[in-house]
Amino acid sequence: MDPRVTALSIISGIVVLGALIGFYARSRQAMNLEQWTVGSRGFGLVLVWLLMAGEVYTTFTFLGASGWAYSKGAPVLYILGYQPLMYVVSFYILPQVWELGRKHRLQTQADFFQVRYGSAYLSAFVALVGVVCLIPYLQLQLTGLGDIVEIASFGAVPRAAAMTIAFALVAAFVFVSGIRGIALVSILKDVLLLGSALFIGIAIPYIYFHGVGAMFAALLQAKPHHLVMPGSTSNLGHGWYISTVLMVAMGFYMWPQFFAAAYTAKSGNILRRNAVIMPLYSVTMPLMFFVGLTALLVLPGLPDSNLALLTIVRKTFPAWFLGLIGGAGALTAMVPAAIQLLTGATLYAKNLYRPLFSPGMTDQQVAKLAKAMVLVLTLGALALAITTSITFVSLLLLGYAGVAQIFPGVIFGLYWPRASGRGVFAGMACGLGVAVGLMLTKNDPYLGLNAGFIALCSNFAVTVAVTLLSPEEQKGTEELLVDRPAMVEGTVVS
Amino acid sequence: MKRPALGSILLGLIPFTAVCFSVGLWDHVYPMVFGIPFNFFWLMSWVLLTPLCMWGAYRIEVRRNPDKERTEIGS
């Protein structure tokens, strides 16, 4: 059989299986806004772990990590640096966020700001930053999908067609099954991803060099500087490493979808336990590095380093295996994309549209609007992915630097009772201005430091200064946890 | 909001120091361990050692924050 047909049928089979699991999850659950967005806060350790692993490990980790190892060398270690640390940070914030979420029936990240700072404008600002930053992230998943199909079909299937079909499926299952369906599809995705990462990470260096040690020895011969920072780059040294690891570790859970995943848990201690075990999932990352480094020796000079992993898999293994890897990669794009769609749509409907334009909307109407937004966001990201190509990596970095600016508002919101909404608003605006300014003028890294990190420092400084200069008004979260009926956006809870 | 205990914060600072701030001390190829450059090996070890530190922090925090309802593992 034609290898293209074999590879593509296996990829489609895996994608359809994933979508079926997503649809199946719906059939047993009645859906309201609460169920659709936060799974009725009933997720135990296993489902929370699956959901978080499902959304955290995206195409960027799968294809991007091997691509960075291929093109940049040692700076790729920043991924292995921030991954354990972002869970360490989550240990100290997510259980507290969960507690506030349970008390006030919070569903989105912006809800947290609404309740803590009592300002609909700050909450809408946070929602806006979240939605805007999600679009390049979605676009990245789509482009990853396009790459996979392009490689697997040797260019026979146009990427635009593949992206359209895959995303129609994603939008459809987000539409009908909500967060629980996504967590269940993650099971298939995680099994395939872990299995294929373990296998190719060990097999590919072994096939070409009889082991990882010999591969490293050959690489030290060929490119002695590739394996120590700044590797094959001129400006990604130790200052860049420290500032990037700190910025991402603080900023990671500020992605609105990761933040909101905290609300799905059944208890705060489930989130603590989750933070303890999640770093173990990162054992696959070095294997992705090994694949990228082997590809550098075997297939030097690829035009697009993000294709290093897929190209060496295609060269090494039969077509059915390429199909399996491609299918795992496709789900790795689709599961996070589904969560990004769901989060972006809910944020828009609940925290931007309702408070600013139509305060009288019921929860049912919000749910309806959110579902319509799923389609709008899908079409928007699709249009961007088809029309633009190269610049999305810089867009994603801009997205990271953008969401990281939400961090001071969260950490001060939890632990500094004095922190005021005005201070947080000013700090965020300043941080975003600095990040956009530095990145658009191509000053990232600036003075050897990550631009998002510099922006975050200015954000902290402005937040503290404006808070201290404005009159004391806030009571902090202690007050918000007192037992009494709470009012959030028209939802009365006893 | 109830702040985490000093002990659990200190335990969380261990991985931060080992993985992030001390990069100048471990970012070199030699000595290689099992054929893997030292910087790669160091970070790979901390993927396993970080959960150990955080397990200690978990033991401290779970005593201060008992679950209101019984929770079981699974969904």
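**Note on a predicted two-chain model**

1. The secondary structure of chain B consists of three helices and zero strands. Read from the N terminus, the order of its elements is α-α-α. The model is a predicted one, and every point below should be read with that in mind.

2. Chain B has 75 residues, and 45% of them count as buried. Its accessible surface is about 4200 Å², with 70% of that belonging to carbon and sulfur atoms. Take the contacts in chain B between residues at least 6 apart in sequence: 59% of these join residues at least 24 apart.

3. Chain A holds 21 helices and two strands. It has 494 residues, of which 63% are buried. The area exposed by chain A is about 16500 Å², and carbon and sulfur atoms supply 68% of that area. Among contacts in chain A with a separation of 6 or more, residues 24 or more positions apart account for 86%.

4. Next comes the interface. The size of an interface is often given as the accessible area lost when the parts come together. For chain A and chain B, the area buried between them is about 4300 Å², and 73% of it lies on carbon and sulfur atoms. Chain A gives 51 residues to the contact, and chain B gives 46 residues.

5. How many salt bridges are there between chain A and chain B? The count is zero. Polar contacts do occur: nine residue pairs, both members at pLDDT 80 or more, are in polar contact between chain A and chain B. The side of chain A that touches chain B draws two or more residues from each of several elements, including α3 (45–56), α9 (212–222), α13 (284–298) and α21 (477–480) of chain A. Helix α5(A) provides the largest share of this side, 13 residues. Sorted by class, the side of chain A that touches chain B has 36 nonpolar, nine polar and six charged residues.

6. Thr50(B) gives a single-residue view of the interface. This residue sits in helix α3 of chain B, which covers residues 38–64. Is Thr50(B) buried or exposed? Thr50(B) counts as buried because its relative accessibility is 0%, and the cut-off for buried is under 20%. Not counting residues up to four places away in sequence, Thr50(B) touches Pro84(A), Val88(A) and Pro279(A) in chain A, and Pro15(B) in chain B.

7. The same helix of chain B carries a salt bridge, between the side chains of Arg64(B) and Glu61(B), with an N to O distance of 3.2 Å. The two are three residues apart in helix α3 of chain B, so about one helical turn separates them. Their exposure is as follows: Arg64(B) is partly exposed at 29% relative accessibility, whereas Glu61(B) is buried at 3%.

8. Over all chains, the structure holds five salt bridges. One of the pairs is Asp2(A) and Arg4(A), whose side chains meet at 3.2 Å, N to O. Asp2(A) is partly exposed, with a relative accessible area of 29%, and Arg4(A) is also partly exposed, at 34%. Another pair is Asp363(A) and Arg354(A), with 3.3 Å from N to O. Here Asp363(A) is partly exposed, with a relative accessible area of 28%, while Arg354(A) counts as buried at 3% relative accessibility.

9. Leu134(A) lies in helix α7 of chain A, residues 120–152. Leu134(A) counts as buried because its relative accessible area is 2%. Which residues does Leu134(A) contact, leaving aside its neighbours within four places in sequence? They are Trp255(A), Pro256(A), Gln257(A), Gln340(A), Thr343(A) and Gly344(A). As a distance to check on the model, the C-alpha atoms of Leu134(A) and Arg273(A) are separated by 28 Å, and the two residues are 139 residues apart along the chain.

10. Helix α14 of chain A, residues 308–316, is mostly covered, with seven of its nine residues buried. The buried residues of α14(A) are Ala308(A), Leu309(A), Leu310(A), Thr311(A), Ile312(A), Val313(A) and Thr316(A).

Notes
Residues numbered from 1 in each chain as written. Chains lettered and ligands numbered in written order. Heavy atoms only, no water. Contact = heavy atoms within 4.5 Å. Buried area = accessible area lost by both parts, 1.4 Å probe. Salt bridge = Lys/Arg side-chain N within 4 Å of Asp/Glu carboxyl O. Polar contact = N/O pair within 3.5 Å; in protein donor to acceptor, adjacent residues only side chain to side chain. Helix = DSSP H or I, 4+ residues; strand = E, 2+ residues; numbered from the N terminus. Nonpolar A, V, L, I, M, F, W, Y, C, P; charged D, E, K, R; others polar. Buried < 20%, exposed > 50% of the residue type's maximum accessible area, 1.4 Å probe, protein only. Areas by Shrake-Rupley, 256 points an atom, 1.4 Å probe, with all protein chains shown as cover.
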